[in-house]
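Morning, everyone. I've got one chain to show you today, so let me put it up on the screen and then talk you through it.

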Amino acid sequence: METVWVDRSDPDAIDLVLTGDDPSPRFAAGVSLDVGRSLPLLFLLGTLLAVPVCVVMRLAGAGWGPVWAAAGIAGAIGAVVPATVVVYTAFFLRVHRLRFSPAAAPTTVALVRAARAARPRPLTEVRQIRIDRSVEEPYEGDPLPETVTVTLTVRLAHGWVAPKPLPADTDAAALYRELHELLSPAVPVALFVRRHPRPVPPPPSKIDFGALGRGGSSTGGC
């Protein structure tokens, strides 16, 4: 699981890095290549899904030509549609970074995707950055340790960036302080910490096999 960090290597801007992938067309091209390798399998799956339709067509008296055509069309749709969605998401939807500039006192933000970096917008375009840290504490006698879930959510004026799960050992307080010092007061940065006990599993049910045997014997006979 990737972490989120603040990149200050650019003297003119500060990046909130949401993913370790290279935010460039090269990354999206690599995704496209991977999708291309999976096209035969997707085509096969689409064809298999069309088998019931093909069977109905044959029972209705259709020749093999239309049946094969239907199977081919289903396979093509099954391959092209998912591949298009994955490639489009990699190029145009997935946000790799939030770029704040100027570095000294940010007043604008730009969403960095693989296809391109969007034009800078006022910093108020980012309505909230929220960090959630949830701790599930073990119940008494629970052999499992506590479970920690950390999530970063960026809410924009016209949508949001997909919630980003962070490693359990993320220092949520330190990340909050860094983002708060960088963006406050223009952008609200919130940290929510919640602790709750793990539900105690119900005790295993006890089956009285003797009672079952007696009940079964009482129903026999005339």
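I'll go from the overall fold to one helix, then the pockets, and finish with a few single residues.

First thing to keep in mind: this is a predicted model. The chain has 222 residues, and 29% of them are buried. In secondary structure, we have 5 helices and 9 strands. Reading from the N terminus, the order goes β-β-α-α-α-β-β-β-β-β-β-α-β-α. So that's two strands, three helices, six strands, and then a helix, a strand and a helix to finish.

How do the contacts spread along the sequence? If you take contacts between residues at least 6 apart in sequence, 57% of them join residues at least 24 apart. As for the surface, the chain exposes about 13900 Å², and 65% of that comes from carbon and sulfur atoms.

Okay, on to helix α3. It covers residues 64-93, which is 30 residues. From first C-alpha to last, α3 reaches 42 Å, close to the 44 Å you'd expect at 1.5 Å a residue.

Which residues of α3 are buried? They are Val-67, Ala-71, Gly-75, Ala-79, Ala-83 and Ala-90. Look at the numbering there with helix geometry in mind. An α-helix has 3.6 residues a turn, so residues three or four places apart point the same way.

Ala-69 sits in that helix too, but this alanine is missing from the buried set because its relative accessibility is 40%, which counts as partly exposed. The cut-off for buried is under 20%, and exposed starts over 50%. Ala-69 also has its C-alpha 9.6 Å from that of Cys-54, with the two positions 15 residues apart along the chain.

Now the pockets. The largest pocket holds about 280 Å³ of space. It is lined by 14 residues, and the ones closest to its centre are Leu-111, Arg-113, Ala-118, Arg-119 and Arg-121. Which element gives the most to that lining? That would be β4, with 3 residues. Helix α3 comes back here as well, since α3 and β4 each supply at least two lining residues. By class, the lining splits into 8 nonpolar, 1 polar and 5 charged.

The second largest pocket comes in at about 200 Å³. Its lining includes Leu-18 and Thr-19, then Leu-93, Arg-94 and Val-95, and then the run from Trp-160 through Val-161, Ala-162, Pro-163 and Lys-164 to Pro-165. Strand β8, residues 159-166, is the biggest contributor here, with 6 residues. The classes in this lining are 8 nonpolar, 1 polar and 2 charged.

Arg-94, one of those lining residues, also gives us a link to the next stop. Its C-alpha is 7.6 Å from that of Ala-114, and the two are 20 residues apart along the chain. Ala-114 belongs to the loop between β4 and β5. Buried or exposed, even though it's in a loop? Ala-114 is buried, because its relative accessible area is just 1%.

Staying with loops, let's do the cis peptides. In general, most peptide bonds are trans. Here, a cis bond joins Ser-101 and Pro-102, with omega about -5 degrees. Pro-102 is in the loop between β3 and β4. The bond from Ser-184 to Pro-185 is cis as well, with omega near 0 degrees. That proline is in the loop between α4 and β9.

Back in the β3 to β4 loop, there's also Ala-103. What does Ala-103 touch, leaving out residues up to four places away in sequence? The answer is a stretch of Asp-10, Pro-11, Asp-12, Ala-13 and Ile-14. Ala-103 and Ser-9 are 94 residues apart in sequence, yet 10.0 Å apart in space, C-alpha to C-alpha.

Last one: Ser-134, in strand β6, which runs over residues 126-137. Ser-134 has a relative accessible area of 19%, so it counts as buried, with the cut-off being under 20%. Leaving out residues up to four places away in sequence, Ser-134 touches Thr-147, Val-148, Thr-149, Arg-194 and His-196.

That's my tour; happy to spin the model around if anyone wants another look.

Definitions and conventions
Residues are numbered from 1 along each chain as its sequence is written. This is a predicted model: local features need pLDDT of at least 70, side-chain atom pairs count only at pLDDT 80 or more; totals for chains, interfaces and linings use all residues. Side-chain values use heavy atoms; hydrogens and water are left out. Helices (H or I, at least four residues) and strands (E, at least two) are DSSP runs, numbered from the N terminus. Buried means under 20% relative accessible area, exposed over 50%, partly exposed in between (1.4 Å probe, protein chains only). On a 1 Å grid over the protein atoms alone, a cavity is a set of points where a 1.4 Å probe fits but cannot get out, and a pocket is an open set with protein on both sides within 12 Å along at least five of seven lines; lining residues have an atom within 4 Å of a point. Grid points are joined across faces, edges and corners, and a volume is the space filled by probe spheres set on the points. Ala, Val, Leu, Ile, Met, Phe, Trp, Tyr, Cys and Pro count as nonpolar, Asp, Glu, Lys and Arg as charged, and the others, Gly among them, as polar. Contact means heavy atoms within 4.5 Å. Accessible areas come from the Shrake-Rupley method with a 1.4 Å probe; for residues, only the protein chains shown count as cover. The expected span of a helix is 1.5 Å times one less than its number of residues.
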